[in-house]
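Colleague: Got a minute? I'd like to go through how you arrived at your labels for this one.

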Amino acid sequence: MTEYSQEQAMEIQALEAILMDDFKEIHSGESGLNTSNRCFQITLSPQDDELDESSTTPVQLGLIFSHTEKYPDEPPLLNVKSIRGIQVNDLRTLKEKLEQEASENLGMPMIYTLVTSAQELLSGIFCEDVNAENVEEEVAKVDVIIPHGEPVTVETFLTWRERLEAELALEQAKLMPESALSAHKEKKVSGRQWFDQSGRAKGALPANEGTDDEEDDDLEDDEEDMLEHYLAEKSDSSHAT
């Protein structure tokens with residue numbers, strides 16, 4: 001076994017241990033490669049943390065390779081095929097980028113490096129498509145919702161708030177007792193207040209003149225005069241009888 005063959009065999013063992021069921025040997029006639037050497041296929045899916053592991057991924061790629069005689073000092077034979085949902089143009093792009101990367105990694109085993117790059121490239125293509133679909137769905141939702149609503153502006157908000165405050169005040173008034181509601185409408189007036197109001201109406205007590213003490217003295221004098229007048233009338237009526 002040459003040094004190249006030994007290094008290639010060790011890489012195959014490592015890939016089987018790492019990739020497990022996603023790694024398998026296929027017949028050279030299925031590979032699409034112009035070789036009679038051993039051919040292998042690696043099944044790849046996009047790297048997306050948001051995808052549920054139990055769900056079926058919408059796209060899957062088959063990365064096919066075969067070691068050449070002097071690999072890794074020369075690039076491996078590569079091919080890609082769509083297992084699910086990948087367009088021909090995307091397959092062509094993936095193959096070109098993988099072949100370019102292989103030529104940049106000569107001198108060391110590179111298949112697992114190509115696997116990682118293929119997943120990243122596949123994720124880029126897949127995520128762009130999914131994001132575009134999500135944007136279209138969101139725009140469609142907005143287009144449906146907006147015509148049935150009313151844009152919020154300062155004026156519409158203030159109108160809504162005034163209406164809300166009025167409704168709350170009405171509800172609060174319904175819960176108040178009738179005596180509390182009518183208290184501010186009808187208020188009993190004491191005798192002094194009545195005479196005070198009558199005197200102000202006749203000009204006996206001009207408003208906003210004098211101090212509070214003077215107003216109180218005037219009220220007391222008026223009350224004494226009224227009492228004397230009442231007693232005098234009472235006395236005259238007694239003499240008359």
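Modeller: Sure, let's take the aromatic rings and then the helix, keeping in mind that this is a predicted model.

Colleague: What makes F23 and F40 a stacked pair?

Modeller: Their ring centres are 5.4 Å apart, with 20 degrees between the planes. Pairing needs centres within 6.5 Å and stacking needs planes under 30 degrees apart, so the label fits. F23 sits in strand β1 and F40 in strand β2, so the pair ties together parts that are 17 residues apart in sequence.

Colleague: Why is F23 called buried?

Modeller: Because its relative accessibility is 8%, and buried means under 20%. F40 is buried as well, at 2%.

Colleague: And why do you call F40 and F65 stacked?

Modeller: The centres are 5.4 Å apart and the planes are at 25 degrees, so that pair is stacked. It links strand β2 to strand β3, with the two positions 25 residues apart in the chain. Ring pairs thus join F23, F40 and F65 into a cluster.

Colleague: On to helix α1: how do you know that its span agrees with its number of residues?

Modeller: With 17 residues at 1.5 Å each, α1 should span 24 Å, and its end C-alpha atoms are 24 Å apart, so the two agree.

Colleague: What makes you say the buried residues of α1 line one face?

Modeller: Those residues are Q8, E11, I12, L15 and L19. Down the axis of α1 they fall within an arc of 105 degrees, so they line one face. The face turned away from them carries exposed E3, M10, Q13 and A17.

How values were computed. Residues are numbered from 1 along each chain as its sequence is written. This is a predicted model: local features need pLDDT of at least 70, side-chain atom pairs count only at pLDDT 80 or more; totals for chains, interfaces and linings use all residues. Side-chain values use heavy atoms; hydrogens and water are left out. Rings of Phe, Tyr and Trp (its six-membered ring) pair if their centres lie within 6.5 Å; planes under 30 degrees apart count as stacked, over 60 as edge-to-face and the rest as tilted. Helices (H or I, at least four residues) and strands (E, at least two) are DSSP runs, numbered from the N terminus. Buried means under 20% relative accessible area, exposed over 50%, partly exposed in between (1.4 Å probe, protein chains only). The expected span of a helix is 1.5 Å times one less than its number of residues. The arc is that of the directions from the helix axis to the C-beta atoms.
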